[in-house]
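Here are my notes on this one, point by point. Have the structure open while you read.

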Amino acid sequence: MRKHLTRNEKGLTFIELLAVVAIVAILAAVSVVSYRSYMVRARLQDAKVALETVRAEEEQYRAEFGHYCAPNSLNFFGGAAQVDVGDYRIQFTSQNQTNYRVQADPQTVRQSFARNSKYGGWISINQNGDRDHQPGGQNRWP
């Protein structure tokens, strides 16, 4: 049998609809913030892998020739002193053939917005494996 709506049965009220929209908006806001944080951490991981790759290449070169090489000799850099990896610019600095420092600097707003957080700013590694990052502190890679 068919049931017809009477005057007292009107369906959803405006307040009920407003509550549903508010809940959906809150869930969307939380998910967007979580996704942005996840992307920042993923890009930072790409930079860490790049720095460790450069360090491994330098150690292989030192094992073979007895000293560290210039950045333009590394396969990773392809003849340049810096290279872009994802959202980071990887730079190699060396005063002599006994030490070096490789630093990853954020180049996008996505990575820069987190500069004051644990996952923002530059990260670096040197010939001893000492890791540093912008918020400060040796051996405290985020």
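**Notes on the fold and its aromatic cluster**

1. Let me start just after H1, where Gly66 takes a positive phi of about 90°. Keep in mind throughout that this is a predicted model.

2. Now the helix itself. Does the length of H1 fit its residue count, or is it off? At 1.5 Å a residue, the 52 residues of H1 should span 76 Å, and the C-alpha atoms at its ends are 77 Å apart, so the two agree. Buried positions in H1 include Met39, Val40, Leu44, Ala47 and Lys48. Further along, Ala50, Leu51, Val54, Glu57 and Glu58 are also among the buried residues of H1. Note that Lys48, Glu57 and Glu58 are on that buried list, which you may want to look at by eye.

3. On to the sheet. Its 5 strands are in the order E1-E2-E3-E4-E5; the sheet is open and the pairing is antiparallel. E1 and E5 (131-133) are at the edges with a single partner strand each, so one side of each has no neighbour in the sheet. From one strand to the next, the twist averages 20°.

4. How does the helix sit on the sheet? H1 lies across E1, E2, E3, E4 and E5, and runs at about 15° to E4.

5. Next, the strand pairings. E2 and E3 make a hairpin, with 2 residues between them. These two antiparallel strands are joined by 7 bridges, and Thr93 stands opposite Arg101 of E3. On to E4 (residues 123-126): 4 bridges join E3 to this strand, again antiparallel, with Val102 having Ile125 as its bridge partner in E4. Ile125 turns up again in the next pairing, where its bridge partner in E5 is Arg131. E4 and E5 run antiparallel and are joined by 3 bridges.

6. Is E3 enclosed or open to the outside? Of its 8 residues, 6 are buried, so E3 is largely enclosed by the rest of the structure.

7. Then the aromatics. The structure holds 4 aromatic pairs. In one of them, the ring centres of Tyr68 and Tyr100 are 4.9 Å apart and the planes are at 75°, so this pair is edge-to-face. The pair links distant parts of the chain, 32 residues apart: Tyr68 is in the loop between helix H1 (14-65) and strand E1 (82-85), while Tyr100 belongs to E3 (residues 99-106). Both Tyr68 and Tyr100 are buried.

8. Phe77 and Phe92 form another aromatic pair, also edge-to-face, at 6.1 Å centre to centre with 70° between the planes. This pair, too, links distant parts of the chain, with Phe77 in the loop between H1 and E1 and Phe92 in E2 (residues 88-96), 15 residues apart. Are these two rings' residues buried or exposed? Phe77 has a relative accessible area of 5%, so it is buried. Phe92 is at 6% relative accessibility and therefore counts as buried as well.

9. Putting points 7 and 8 together, ring pairs link Tyr68, Phe77, Phe92 and Tyr100 into a cluster.

10. One last contact to look at: which ring does Arg101 lie over? Arg101 is over the face of Trp122, at 5.2 Å from the ring centre. This is the Arg101 that stands opposite Thr93 in the hairpin pairing.

Notes
Residues numbered from 1 in each chain as written. Predicted model: local features only at pLDDT ≥ 70, side-chain atom pairs only at ≥ 80, totals over all residues. Heavy atoms only, no water. Phe/Tyr/Trp six-rings, centres within 6.5 Å; stacked < 30°, edge-to-face > 60°. Buried < 20%, exposed > 50% of the residue type's maximum accessible area, 1.4 Å probe, protein only. Lys NZ or Arg CZ within 6 Å of the ring centre and 35° of its normal. Pairing = 2+ DSSP bridges. Expected span 1.5 Å × (residues − 1). Axes fitted to C-alpha atoms, helices over the stretch in contact; angles between N-to-C directions. Contact = heavy atoms within 4.5 Å.
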